[in-house]
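Biologist: Before we discuss this model, I would like each label that we attach to it to be justified in turn. Could you show it to me and then take my questions one at a time?

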Amino acid sequence: MTDDYAGTWPLLERSQEVSAILAGLAVPGSAGVLVVGAPGVGKTAIARAAAAQLEDTAQVVLIRGSAAMASTPYGALSVLLMDVDPAGNVESLPVLQSLQDALRTRARNRPAILMVDNVHHLDDPSVRVLSYLAEVGAARLLVACDGPAPSAARFFDLWRTRRLARVDVAPLTFETTRSLLAQLLGGPLSGTAAVALWRASRGNLRSLQLAVRGGIAAGALTRSADAWVWRDAADGTSSHGNDGVPGPVAALTGTARQVLDVIAVAGPVPLDALLASCPADVVDELEQAGVCVVDPEPPHTVAVTNGTIGDRLRGALAVNPLPAFLERLRSLDAGGLPVAGRLNLLRWFLHAGVPLQDAYLRDVARAATEAGEPRLALLAVRHLAGVEAADLAAVRACLVRLRVSEAGALLERIVAGGAPASDRTRTADRALTVAVEAAAHEGRFPDVLGLAASQEDALRTGPLAAERAARVVLARSLTGTGPGAKRSLARLHGAGLPAPAGTAAHLLLENGFAALVHEGHLDDALLLTGTPALAAGQWQDPAVADTLAGTALAALGHGDAALRVIRPALDQLRADNRCGLLPLADAAAAYASALVGSANEAGDTPTSRNRWDAGAAECLPWAHRSTISLLRTLADALVSDSDAASRRFVVMADAQREAGNAGAELLLRMHALRLGQQSQAAPLLDLAQGIDTPLAGASELLARGVAARDPEILLQAAEAAFAFGHRDLAGSAALMSMRLHDTEDEPLHFIRAEQIFRRTHVPRRNTSARRILTDRERTFARMAARGATNKEVAATHHLSVRTVEGHILKAMAKLGVSSRKQLSTVFTQ
């Protein structure tokens, strides 16, 4: 199966570079173009693509360096010299003149372009001749090279003197990498699979190809129903197969190879920590070989350039770890390795089955807990002597229920050996954090705010304060209090404040996203889960980001967009549901399918899909459980009984009123009202007037419009909801506005309401939908408004004049206009 992806890959998203090459070659007096990029980035493919476009207008000759001919003078020029008789030195004037004549003869009065590849294997005499031919205008060069190495020095001199144009080829972005893979593999990738392959390649095409082939061969990259998914090992290690030691690694000196092995296992290593055990020239050798890169920013970490090479080295080293290598790793760990590096070491130690001392396990498990890696910490403490199975089971149960703060408290207790903590402040900090988490998990958000407000001054800056602050952001949104999610998040990320890390960073992403969506800031929320965030590694589990994004899109009525995100996420979660969000993704997919009218495909109905995971859903925090209930009720409103669904929303809203969650109550009463429970207009209006969010503003207009039976106010509600992305609310308000529209009302209002309605998935089974223009009525009316006669419209569409006349009259009646002049005014406005 891997052979399917071993050949030439499609050249995507490189039209800009190809165009730049062609433009550089077309400049009068130009000596050509220098294409520069890292090995494997795709510069040769780009140069070939440009050359292919010139084959009809120029004579393109390939000059390719090779290791076998590198020591042979003029060896690379054999393809040119075969047309001349070099009687003496090739660089003598007569021979060079003969070479120019031969090029002109071969080109037949067309430009001659010499495409030069594998520059690092060119002999210097060949480089001199090529430079001469370009300088005298006998040919133009198209040179693809890695960088300013000695063999490429003459070409870079031509660039510095502006004889050669330069085109730099950067690695593919995360987004273009994902697009390329989707086309190559014939289907979308889950976020987890895309991130795994991105980390292995960093946009390097050659590395990406190796990663894909290795991932498929190892069973890590597999095809599911709707997408390609990634199956990581239980210990978090990646697998890209093992096709042997790559060439650049095999060419290293012994010392450099030993240092490379350490870097591959420990991950990015600060330069100072590395230089404590190896000389600087070894790091230089690794850089020059292209296998490592040094970050220019402090602390100047050294990392393996190619993630696939790193994975192969880690896998090979884990098979039979040598004592000397283990000692080097332990020395590096003792020398002040950053937390991320220490955790990388722990993963590899566990994967390789290296015996570990209890003192080390306790220390690194504590570090993993504080870094927001409780599952890794659990793997570590399992190897401690004397740990009770019941304690481990309790931690696992917390992780299943996504009670990460409580799991952290239990892990701390295990690491401490069951002894009571001596630091009372730390104990109080942890206890308060667990209490806040429990309140949020149960939906008691006023208690979340109360507990956070009652904390002692010493705890306001404690190590766990950021975790509590993250939960407060969502609590304020769901209770309808506070400054709003955008301002709360801005404060937590304010200048001079430490960046949230570990568990706090993860909680802030998830709770901030949920709060933004709930208040009506969909675009801001999607920035948190978008391509830049995934590429930067902000999400520990990309499946969480995709699930939250797909769920938000579905909950706001974006059926097609939701399915594009949630279907790959759903496949990924079915392969690996360590985050526990499969029930949420299932509910989102069911409602999104219902929105676009495909809920019954393959028995895929909201009621049948989720029976098996009811228990799993009950383990989730209240915010996720309530979203699942919301989505199921919305799906039922679409596919079965909207009246029953609207009454259920009233019951749910009453429960939130009793719980003190005014923000959550507002959302539920809005749905109840838009689905037909007009008695909810008054309580919704009271709620909305006390909350300052986009959702509250649109809900207030909806309540006012329903209470006053005013189509213009309802149109304002539809426009407000559509502006912040709530398609369900916008469509329902638009439909109500059309229903109440009278023939004496402004026709433009009806047109605008209809335009909004058509861009939503709100069902049209309501009898008022008969006033909506059909596609044919809209088309004919627009042509008539622009001055076309009935006869002209009929001729355009090959219909009878009477048929056209009937459609235009129906459109005018629906719009409440009586003349073509009025019709023209409506469509012009």
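Modeller: Let me start with one residue pair in a sheet: valine 33 stands opposite alanine 165 in S5. Please keep in mind throughout that this is a predicted model.

Biologist: What makes S1 and S5 paired strands, and in which sense do they run?

Modeller: Strands count as paired when at least two bridges are found between them, and five bridges join S1 to strand S5, residues 164-168, with the two running parallel. The criterion is therefore met. S1 also pairs in the parallel sense with strand S4, residues 140-145, over five bridges, and there valine 33 stands opposite leucine 142.

Biologist: How do you know whether S1 is mostly covered or mostly open?

Modeller: Five of the five residues of strand S1, residues 32-36, are buried, a word reserved for a relative accessible area under 20%. Over the protein chain, 52% of the 829 residues count as buried.

Biologist: Why is tryptophan 230 called buried?

Modeller: Its relative accessibility is 1%, and the cut-off is under 20%, so the label follows. Tryptophan 230 is found in strand S7, residues 228-230, and its C-alpha is 8.4 Å from that of glycine 215, a residue 15 positions away in sequence.

Biologist: What makes S8 and S9 edge strands?

Modeller: The sheet in question is an open one of three strands in the order S8-S10-S9, with antiparallel pairing. Strand S8 (269-270) and strand S9 (292-294) each have a single partner strand, so one side of each is left without a neighbour in the sheet. Two bridges join S8 to strand S10, residues 301-304, in the antiparallel sense, and the bridge partner of valine 269 in S10 is valine 302.

Biologist: Which residues touch the most other members of the largest nonpolar core?

Modeller: They are Leu197, Leu221 and Leu702, in a core of 150 residues. Its largest share, 10 residues, comes from helix H31, residues 582-595. Apart from this core lies another, of 61 residues, including Val269 and Leu313. As background, nonpolar side chains in soluble globular proteins tend to be buried together.

Biologist: Why is H31 described as largely enclosed by the rest of the structure?

Modeller: Because 14 of its 14 residues are buried. From its first C-alpha to its last, H31 reaches 20 Å, close to the 20 Å expected at 1.5 Å a residue. Just after H31, glycine 597 takes a positive phi of about 85°.

Biologist: Why is the contact between arginine 314 and aspartate 311 called a salt bridge?

Modeller: The distance between nitrogen and oxygen is 2.3 Å, and a salt bridge requires a side-chain nitrogen of Lys or Arg within 4 Å of a carboxyl oxygen of Asp or Glu, so the pair qualifies. The two residues are three apart in helix H14, residues 307-319, and are thus separated by about one helical turn.

Biologist: How do you know which of these two is buried and which is partly exposed?

Modeller: Arginine 314 has a relative accessible area of 26% and is partly exposed, whereas aspartate 311, with 10%, is buried. The boundary that separates these two labels is 20%.

Biologist: What makes the salt bridge between aspartate 654 and arginine 669 a tie between parts of the chain?

Modeller: The closest N and O atoms of that pair are 2.7 Å apart. Aspartate 654 lies in helix H35, residues 642-659, and arginine 669 in helix H36, residues 662-674, so the bridge ties together parts that are 15 residues apart in sequence. Aspartate 654 counts as partly exposed at 24% relative accessibility, while arginine 669, at 2%, counts as buried.

Biologist: Which residue of H36 is separated from arginine 669 by about one helical turn?

Modeller: It is glutamate 665, four residues away in helix H36. Glutamate 665 forms a salt bridge with arginine 669, with the closest N and O atoms 2.7 Å apart, and both residues are buried. Elsewhere, salt bridges that share partners join Asp333, Arg342, Asp363 and Arg366 into one network, and the structure holds 35 salt bridges.

Key
Residues are numbered from 1 along each chain as its sequence is written. This is a predicted model: local features need pLDDT of at least 70, side-chain atom pairs count only at pLDDT 80 or more; totals for chains, interfaces and linings use all residues. Side-chain values use heavy atoms; hydrogens and water are left out. A nonpolar core is a set of buried Ala, Val, Leu, Ile, Met, Phe, Trp, Tyr and Cys residues joined through side-chain atoms within 4.5 Å. Buried means under 20% relative accessible area, exposed over 50%, partly exposed in between (1.4 Å probe, protein chains only). The expected span of a helix is 1.5 Å times one less than its number of residues.
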